[in-house]
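Colleague: Please give me a close look at a single part, the metal site, and then carry on from there into the rest in one connected account. I would like every cut-off stated where a term is used.

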Amino acid sequence: MTEAISLSGAAASRGGSPVWSGVDLAIARGEFVAVLGPNGAGKSTFLDLVLGLLAPSAGAVSVLGQAPRAARPRIGYLPQRRSFDTSTRVRGVDVVRLGLDGARWGLPLPAALSPSARAAAAKVDEVIELVGASAYAERAIGTLSGGEQQRLLIAQALVRDPELLLLDEPLDSLDLPNQSAVAALVQRICRERGVTVVLVAHDVNPILGYLDRVVYFAGGRGVEGPPREVIRADVLSRLYGATIEVVETPSGRLIVVGTPDAGHCTEDHEQVMV
Amino acid sequence: MSPRLSWDLVADWEQLTTYPFMVQALEAGAIVAVMAGAIGWFMVLRRQTFAGHTLAVISFPGAAAATLAAIPVAFGYFGACGLGALALAAFGGEERGGRSGESAAIGTLQAFALGLGFLFVGLYGGQLAGLEALLFGTFLGITESQVVTLLCIAVAVLTALAVLGRPLLFASIDGSVARAGGVPIRLLGVVFLLLLGLAVAATAQITGALLVFALLVTPAATAQLITARPGRGLVLSVALAFAVSWLGLGIAYFSPYPVGFWVTSLSFGLYVLARLATSGAGWGARTA
Ligand SMILES: Nc1ncnc2c1ncn2[C@@H]1O[C@H](COP(=O)(O)OP(=O)(O)OP(=O)(O)O)[C@@H](O)[C@H]1O
Ligand SMILES: [Mg+2]
């Protein structure tokens with residue numbers, strides 16, 4: 001079987017300036033992969049490349065054995081830092097439903113008239129049930145908490161039965177219990193449904209126990225491998241070109257010490273307006 | 001004989017439809033209301049009320065310029081709103097946000113449009129009777145051919161909305177996912193502004209540049225307060241716009257005050273009622 005994602009000698013640049021280059025990686029189907037690195041290292045850029053929203057400036061990218069653009073219908077995607085403010089007067093179920101057929105032109109038929117509309121509604125209910133959001137899916141999405149919105153957005157990304165799930169910082173802005181709950185949910189989806197999961201994270205610890213592989217971007221380059229072979233002092237020091245220490249706490253948490261500031265502030269332009 | 005309300009609804013309806021100008025006003029009011037209610041719902045959802053307002057303001061210099069040049073006013077309305085929509089689309093920022101910069105740019109455009117409008121009115125020689133019609137409408141001076149033109153435009157706008165509606169909804173509330181799913185969100189944004197310009201130009205000829213908003217924003221905002229279901233919200237928005245325009249026309253006919261006042265007051269009243277009802281009922285009602 002072909003790989004879920006493979007990059008060979010790939011380079012990415014944005015607005016004419018290089019973000020990273022010389023990246024080789026192969027992610028097998030069904031793996032749970034974390035993408036790590038400091039702000040501005042090019043993690044979201046990596047997802048844009050996989051989605052075919054950005055073409056590599058060098059090298060080759062293949063997704064599910066296809067060109068990235070062609071594979072898009074088989075990918076579920078949750079972009080970074082997306083939340084709906086209180087005035088967004090659309091229900092959670094509607095947002096999930098848009099993930100299923102929102103790109104289609106023309107008016108949808110009411111469920112009472114068409115079997116395919118009933119099947120669509122059933123599919124939406126199924127994924128909402130799967131992420132455990134049934135209790136609040138009928139409420140306007142803007143009135144839900146960040147964690148509740150995040151679950152519905154994961155349901156939206158899942159609703160087309162994707163083979164590959166790209167989640168850009170889904171644990172961002174969640175409290176610790178919610179971080180572990182959402183991480184466990186994603187892991188369950190990965191194992192039970194055989195979906196390849198690529199999850200961008202700032203803190204590896206909530207998902208460390210679940211990971212098959214880590215992709216680490218820093219210093220204009222990227223490395224991949226099993227978590228404990230990548231998150232190591234020597235590997236990260238070489239990547240950053242500075243002395244990095246990795247400390248393991250008695251409970252098994254990994255703490256990376258001494259990362260130089262990436263020198264970018266990506267807080268503002270990443271904000272997605274809805 | 002001035003019309004008097006008898007409270008006998010059949011007799012009142014007969015009085016109301018005695019004169020052709022009133023029949024045409026009711027027809028035009030219905031057409032404009034259905035169109036404005038539908039496109040207004042999307043406009044409010046997309047948070048483009050400021051853009052919509054600016055298009056309405058832009059229609060004023062357009063109409064004033066047409067009057068000055070002695071060409072049909074309709075050309076002024078459609079030309080100005082079309083150009084305005086394109087200008088707004090060009091100003092409309094990056095796909096990754098920048099709404100605040102966008103609204104500042106739109107405000108600049110609006111101020112300039114108002115300035116131009118006053119210049120044209122000034123050049124016209126201070127004939128202020130025309131100014132009032134441009135700003136507050138000519139509800140009661142609508143011709144039959146205007147009604148037919150309006151109907152054609154409304155059918156075109158509603159058909160376009162029916163075809164584009166679902167991806168437009170997706171792009172409006174969830175732009176980045178819609179883009180990743182293959183929805184051309186930039187193109188849709190431009191097409192939507194052009195449709196809005198068309199609808200505003202058509203509506204402004206009836207309601208005047210300043211009262212467009214009564215039909216475009218208020219019913220849609222009220223509907224979104226009441227329901228978070230897209231289908232129901234659209235239908236409700238259209239129904240409310242229709243109700244306030246006919247009620248406004250009816251009340252104005254039997255009263256000494258102008259139509260514009262009644263239409264705006266009725267829709268404002270409904271909006272306030274909906275706000276009170278939804279905030280009073282708390283979370284329960286907001287989920288409906
Ligand atoms: N649309 C864009 N146009 C130009 N440059 C961009 C754009 N988006 C991102 N960049 C730049 O590309 C680089 C990588 O950005 P990217 O968003 O991939 O970083 P990231 O690793 O996801 O960071 P974060 O942790 O803050 O999300 C940054 O230097 C950023 O400034
Ligand atoms: Mg990012």
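Modeller: Donors are taken here as N, O and S atoms within 2.8 Å of the metal, or 3.2 Å for Na, K and Ca, and water is not among the atoms, so sites may look incomplete. This is a predicted model, in which local features need pLDDT of at least 70 and side-chain atom pairs count only at pLDDT 80 or more, whereas totals for chains, interfaces and linings use all residues. Residues are numbered from 1 along each chain as its sequence is written, chains are lettered from A and ligands numbered from 1 in the order of writing, and side-chain values rest on heavy atoms, with hydrogens and water left out.

The magnesium ion (ligand 2) has as its protein donors A:Ser44, through OG, and A:Gln80, through OE1, at 1.9 to 2.3 Å. These two residues join distant parts of the chain, being 36 residues apart: A:Ser44 sits in helix α1 (residues 43–51) of chain A, and A:Gln80 in the loop between β5 (75–78) and α3 of chain A. Helices (H or I, at least four residues) and strands (E, at least two) are DSSP runs, numbered from the N terminus. A:Ser44 counts as buried because its relative accessibility is 13%, and A:Gln80 because its own is 6%; buried means under 20% relative accessible area, exposed over 50%, and partly exposed in between, with a 1.4 Å probe and protein chains only.

Moving on to helix α3 (residues 92–101) of chain A, its axis comes within 10 Å of that of helix α4 (residues 115–130) of chain A, and the two cross at roughly 115°, where axes are lines fitted to C-alpha atoms, for helices over the stretch in contact, and angles run from 0 to 180 degrees between N-to-C directions. The crossing of α3(A) past α4(A) is right-handed, that is, the near helix is turned clockwise from the far one by less than a right angle, whereas anticlockwise would be left-handed. On the α3(A) side the contact is made by A:Val93, A:Val96, A:Arg97 and A:Leu100, and on the α4(A) side by residues including A:Ala120, A:Lys123 and A:Val127, contact meaning heavy atoms within 4.5 Å. By class, this contact of α3(A) with α4(A) has 9 nonpolar, no polar and 2 charged residues; Ala, Val, Leu, Ile, Met, Phe, Trp, Tyr, Cys and Pro count as nonpolar, Asp, Glu, Lys and Arg as charged, and the others, Gly among them, as polar.

Helix α3 of chain A also holds A:Asp94, which counts as buried because its relative accessibility is 12%. Leaving aside residues up to four places away in sequence, A:Asp94 touches B:Ala228, B:Arg229 and B:Pro230. Chain B, to which this leads, has 13 helices and 0 strands, and 50% of its 288 residues count as buried. Of the contacts in chain B with a separation of 6 or more, 75% are between residues 24 or more positions apart.

Two loop residues remain to be checked for their backbone. Most residues other than glycine have a negative phi. A:Asp161, in the loop between α5 (146–158) and β6 (164–168) of chain A, has a positive phi of about 50° although it is not a glycine, and B:Arg47, in the loop between α2 (20–45) and α3 (49–68) of chain B, likewise has a positive phi, of about 55°. A:Asp161 counts as partly exposed because its relative accessibility is 46%, and B:Arg47 because its own is 32%.
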